[in-house]
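Q: Please take a close look at one strand of this model. I would like its surroundings, its partners and its place in the chain.

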Amino acid sequence: MIDSAVTVETRHLTRRFGQVVAVRDLNLTIAKGEVFGLLGPNGSGKTTTIRMLCGLLAPSEGTAVVAGVDVVQSPDLIKERIGYMSQRFGLYEDLTVAENMDFFAGIYGLEGPGRRGRIAEVVSFLGLNRRLNQLAGTLSGGWKQRLGLASALMHRPPVLFLDEPTAGVDPAARRGFWTTITALAEQGTTVIVTTHYMDEAGRCERIGLMSQGHLIALGTADEVAKHVGGKDLEDAFIILQERDEAEQDAKS
Amino acid sequence: MKRFGPMFRKEFIQMRRDRLTLGIMTAIPVIQLLLFGFAIQTDVRHIPTVVLDESRTPTSRELVAAFENTGNFRIVANVDGRDALDEWIARGDAQAGIAIPHDFPRDLARGTTATVQIVVDASDPLSSQAALSAAAGVAQMRDLAILSAAAHSTELPLEARVRPRYNPGLRSANYIVPGLVGVILTITMVLVTAMAIVRERERGTLEQLIVTPITKTELMLGKIAPYVGVGLVQMTTVLILGRFVFDVPLTGNVLLLYSIALVFVVASLALGLFVSTLVRTQQQAMQVSFFFVLPNILLSGFMFPRQAMPAVFQWIGALLPLTHFLKVLRGILLKGVGVPELWREMVILLFFATVLIALSVRRFQKTLD
């Protein structure tokens with residue numbers, strides 16, 4: 001039986017690329033409406049995890065159920081229930097803001113007045129009104145993130161995956177972006193976000209700390225920091241990174 | 001297929017906004033047509049020729065004039081010795097030499113076989129062939145005139161009456177221009193779509209696209225659809241210019257031609273799409289497309305007759321959609337034939353289009369592995 005309060009559940013989720021194990025035996029349970037942060041140094045397996053949960057990569061082993069859909073069995077169905085923003089700006093720079101949104105609304109199957117209504121709603125939610133006729137390629141980093149989020153929200157997905165959404169975005173825009181994320185979670189959207197910024201990690205209800213493909217700590221920011229032996233999250237993060245590097249050196 | 005519409009619209013806007021590519025796609029037919037139409041003439045004329053006339057008689061001058069009158073030879077110099085003649089040809093200043101010996105008029109008057117030597121630079125087979133057959137023609141005409149004068153008869157014992165049908169003037173433009181429609185479509189259609197998917201991959205937009213519920217078929221068809229219009233515009237350009245600049249006839253049913261062209265364009269686009277699923281970068285896509293263009297020009301029968309090729313190359317040629325489309329183009333434009341004569345080509349092209357789309361859809365994966 002699937003608990004309706006649980007939106008994401010993974011069991012022994014593993015992904016190998018040749019000899020390299022990118023994600024190893026990951027067990028996670030994320031509740032509906034939760035803002036969950038995935039933290040870890042580069043190459044720790046955050047992006048691979050998110051890609052598996054979105055159906056972009058097939059797991060080598062294990063299972064994952066997202067919004068009631070088995071990712072391995074129905075990688076197509078899952079795509080109707082999630083929104084996804086990659087690290088890299090994934091929209092069309094040679095289309096305007098309005099054209100990008102119209103395209104994604106259409107691709108998510110919205111038609112006629114329903115499409116127009118939903119676009120208007122998202123536009124006002126993210127404050128894109130004055131940018132509609134601007135080419136996406138000419139937007140600043142912060143506005144690109146907003147447009148990316150707008151396109152990923154068109155179909156009102158119950159689960160939202162954000163892979164380093166604020167990389168290269170100025171602090172003011174980052175704060176605005178997080179206000180939006182919190183508002184979405186309050187409306188019941190589950191948000192899974194990867195980040196490098198410690199202040200952002202602090203805004204998550206729970207975080208999972210990853211290292212070399214393992215989930216090594218899970219809980220609130222303080223709990224995680226304590227678990228690794230740092231006085232705060234940033235401290236914990238650095239301890240972890242140094243330990244990884246030492247291990248890498250020992251191997252080679 | 002409800003997501004085909006948005007995909008098509010998006011591709012159309014992007015195509016319209018990419019002014020450079022759009023400009024190249026409209027300029028290519030015009031430039032190619034003018035290049036091929038004016039520069040490439042397979043009927044070789046005015047071959048630069050040197051004359052060594054050792055006899056210097058009215059008879060020999062008459063013979064030289066007969067050569068010049070065919071239009072195939074253009075006398076560029078008269079030389080004094082055999083060495084000089086060879087030198088002209090060796091330098092490349094002349095491609096043919098006519099050597100008339102001392103005893104030519106004497107032999108002719110006596111009724112023994114008089115010989116004239118024609119030296120041809122055969123390092124260029126196409127023009128030497130033209131020179132050789134023209135020379136043989138001149139000699140034959142003179143022979144006939146002399147023989148019939150001797151026999152006091154103007155009746156020939158046998159005459160082959162040749163009727164060059166469909167292209168009575170034997171104009172190479174009539175052969176080249178229809179073929180050019182097919183070649184231009186192949187080059188541009190394969191190239192633009194070969195870029196289609198890798199471009200999205202390189203720009204990072206493919207990841208965002210495949211995380212949506214769009215199906216592979218919707219994606220593929222939406223990608224190629226706007227270019228079908230481009231292809232038909234290109235074809236129209238070449239046909240109109242061909243008609244008014246090169247006087248190429250448009251004998252058959254135009255509607256039939258466009259219907260078959262539509263299938264051919266889709267097949268070419270699908271081929272490009274297939275290339276797009278094989279390569280990782282736009283540069284590779286470009287290289288593979290160019291690699292593909294050459295056999296199309298050489299083996300399809302666009303310039304060189306397929307009947308003259310070894311069987312293996314005829315088979316390879318038969319695997320190219322262009323080969324079959326060329327038959328359709330020449331059949332409809334020059335011969336005015338229709339479905340009864342062309343149904344085989346139509347079935348083959350339809351087969352190519354279907355199989356290539358199916359293959360591309362199969363190859364394309366909606367994952368990042």
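The strand in question is β9 of chain A, residues 206-211.

A: The answer starts with the ground rules, then goes from the chain to the strand and on to the contact between chains. This is a predicted model: local features need pLDDT of at least 70, side-chain atom pairs count only at pLDDT 80 or more, and totals for chains, interfaces and linings use all residues. Residues are numbered from 1 along each chain as its sequence is written, while chains are lettered from A and ligands numbered from 1 in the order in which they are written.

Chain A first. Its secondary structure comes to eight helices and ten strands; helices (H or I, at least four residues) and strands (E, at least two) are DSSP runs, numbered from the N terminus. The radius of gyration, taken over C-alpha atoms, is 18 Å for chain A. The globule rule, 2.2 Å times the number of residues to the power 0.38, gives 18 Å for 252 residues, so chain A is as compact as a globular protein of that length. Its C-alpha atoms fill a box of roughly 60 × 40 × 35 Å along the principal axes. Of the 252 residues, 46% count as buried. A residue is buried if 20 or more other C-beta atoms lie within 10 Å of its own, exposed if 12 or fewer, and partly exposed in between, with C-beta atoms placed from the backbone.

Now β9(A). Five of its six residues are buried, so the strand is largely enclosed by the rest of the structure. Strands pair if DSSP finds at least two bridges between them. Strand β3(A), residues 35-39, runs parallel to β9(A), with four bridges. There, Gly37(A) stands opposite Ile207(A). Strand β10(A), residues 214-219, pairs with β9(A) in the antiparallel sense over five bridges. Here Gly208(A) has Leu218(A) as its bridge partner. The β9(A)-β10(A) hairpin has two residues between the strands, and Gln212(A) takes a positive phi near 45 degrees.

Last, the contact with chain B. Two residues are in contact if their C-beta atoms, placed from the backbone, lie within 7 Å. The contact takes 23 residues from chain A and 20 residues from chain B. On the chain B side, six residues come from α1(B), the largest share. Gln14(B) lies in that helix, residues 4-17. Gln14(B) touches Tyr92(A), Asp94(A) and Leu95(A). With 17 C-beta neighbours inside 10 Å, Gln14(B) counts as partly exposed.

Terms used: Lists of a residue's contacts leave out its neighbours within four places in sequence.
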